[in-house]
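Subject: Handover of a structure and its findings

Dear colleague,

Please find below the structure that I am handing over to you. The findings follow directly after it.

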Amino acid sequence: MRNIVAGNWKSNKLMGEAREWMDEMAEWLASHEGVEVMVGAPAPYLSVLANVAPEGLQVLAQNVSAEGHGAHTGEFTADMLKSCGVAGAIVGHSERRARYGDTDDRVKAKVRALVGEGLQAVFCCGETLEEREAGHQEQVVHRQLKAAVLDLDEDALNRVVVAYEPVWAIGTGKTATSAQAQEMHGAIRGWLADRFGDEKAADVAILYGGSCKPSNAAELFGKADINGGLIGGAALNPVDFQGVLAGHPDLKR
Ligand code: PGA
């Protein structure tokens with residue numbers, strides 16, 4: 001079983017601030033273990049950060065190209081990330097699905113591009129408020145999962161991390177209750193088990209994301225199918241991020 005807490009800085013921080021964050025995390029990581037720590041950084045910093053990242057901290061991109069090399073101005077490919085020492089990328093985040101054209105098909109291509117290079121794909125899924133109010137949350141997440149993950153082979157699945165992020169909880173201060181989150185995580189685990197078998201499904205880290213912070217992390221991470229979190233706002237300040245990590249039951253000093 002993998003335990004992971006990943007930060008997602010989104011479009012925040014300048015280079016100097018990113019380096020300071022890394023330094024503070026390096027000090028903290030020297031005396032903590034038991035949880036894999038990752039951070040999704042803005043593209044311009046990736047190469048530098050991947051080189052200075054302390055042991056135990058993996059640097060992720062927040063996107064990757066769905067295409068290969070060629071005339072795709074502004075895009076960067078999975079093998080470019082790999083050549084810079086970047087561990088993988090966050091893909092299918094709801095902000096990219098809503099605003100930057102990440103359809104299920106594009107997300108599928110991005111997941112494949114990453115796992116094909118042996119990189120980690122932190123695959124995000126989750127329903128909007130409207131979809132939850134209509135009672136369609138399981139249907140929506142199943143569709144997203146089916147499109148991008150359920151037809152991978154078993155070996156590729158080893159490099160996938162699933163992040164369940166209800167859109168209505170992202171950056172809103174409104175967190176899913178731990179019962180609501182566990183219900184969805186249990187359903188995701190069930191779909192993975194139907195496709196890949198119980199053992200494989202148990203090995204996939206399923207992270208919760210959406211206003212996760214030091215005050216609610218322990219309650220969420222204490223649930224059977226919640227293996228950690230994808231953290232936006234509370235990952236910007238290393239002290240808050242460490243507070244979230246401290247809520248993980250498998251974190252050891
Ligand atoms: P939030 O963001 O923690 O600020 O809600 C989570 C995310 O978008 O990954």
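Which residue forms a salt bridge with Asp104? The partner is Arg143, and the closest N and O atoms of this pair are 2.8 Å apart. A salt bridge here is a side-chain nitrogen of Lys or Arg within 4 Å of a carboxyl oxygen of Asp or Glu. Asp104 belongs to helix 5 (residues 104-116) and Arg143 to helix 7 (residues 137-148), so the salt bridge ties together parts that are 39 residues apart in sequence. Helices (H or I, at least four residues) and strands (E, at least two) are DSSP runs, numbered from the N terminus.

Before I continue, a note on the basis of these findings is in order. This is a predicted model, in which local features need pLDDT of at least 70 and side-chain atom pairs count only at pLDDT 80 or more, while totals for chains, interfaces and linings use all residues. Residues are numbered from 1 along each chain as its sequence is written, and side-chain values use heavy atoms, with hydrogens and water left out.

Salt bridges

The structure holds twelve salt bridges. As general background, side chains of opposite charge can pair when their charged atoms come close. In the pair described above, Asp104 is buried, with a relative accessible area of 17%, whereas Arg143 is partly exposed at 44%. Buried means under 20% relative accessible area, exposed means over 50%, and partly exposed lies in between (1.4 Å probe, protein chains only).

A second salt bridge joins the side chains of Asp102 and Arg96, at 3.6 Å from N to O. Asp102 counts as buried because its relative accessibility is 4%. Arg96, at 23%, counts as partly exposed.

Another salt bridge brings together the side chains of Asp155 and Arg159, at 3.6 Å from N to O. Asp155 is partly exposed, with a relative accessible area of 45%, while Arg159 counts as buried at 18% relative accessibility. In addition, Arg96, Asp102 and Lys110 are joined into one network by salt bridges that share partners.

A patch of negative charge

Which residues gather in a patch of negative charge on the surface? They are Glu17, Glu20, Asp23, Glu24 and Glu27. Patches are made of residues with over 30% relative accessible area and no salt bridge, and like charges are joined within 9 Å. For the charges, Lys and Arg count as positive and Asp and Glu as negative; His and the chain ends are not counted. The place of a charge is taken as NZ of Lys, CZ of Arg, CG of Asp or CD of Glu.

Within this patch, Glu17 is placed in helix 1 (residues 15-29). Glu17 is partly exposed, with a relative accessible area of 41%. The C-alpha atom of Glu17 is separated by 18 Å from that of Ile231, although these two residues are 214 residues apart along the chain.

Cysteines

How many disulfides does the structure hold? There are zero disulfides, a disulfide being a pair of cysteine sulfur atoms within 2.5 Å. Cys125 is in no disulfide, and the nearest cysteine sulfur, that of Cys124, is 7.6 Å away. Cys212 is likewise in no disulfide; for Cys212, the nearest cysteine sulfur is also that of Cys124, at 14 Å. Cys125 is buried, with a relative accessible area of 3%, and Cys212 is buried as well, at 5%.

The backbone and the start of the chain

Lys10 has a positive phi of about 55°, although it is not a glycine. This residue is placed in the loop between strand 1 (4-8) and helix 1. Lys13 is not a glycine either, yet Lys13 has a positive phi of about 80°. Lys13 also lies in the loop between strand 1 and helix 1.

Arg2 lies in the segment before strand 1 and is buried, with a relative accessible area of 17%. The C-alpha atoms of Arg2 and Thr172 are separated by 28 Å, and these residues are 170 residues apart along the chain.

An exposed glycine

Is Gly171 buried or exposed? Gly171 is exposed, with a relative accessible area of 73%. Gly171 is found in the loop between strand 6 (160-164) and helix 9 (178-196). The C-alpha atoms of Gly171 and Gly210 are separated by 6.5 Å, with their positions 39 residues apart along the chain.

Yours sincerely,

A colleague

Technical notes: Patches are made of residues with over 30% relative accessible area and no salt bridge: like charges are joined within 9 Å, nonpolar side chains (Val, Leu, Ile, Met, Phe, Trp, Tyr) within 5 Å. Accessible areas come from the Shrake-Rupley method with a 1.4 Å probe; for residues, only the protein chains shown count as cover.
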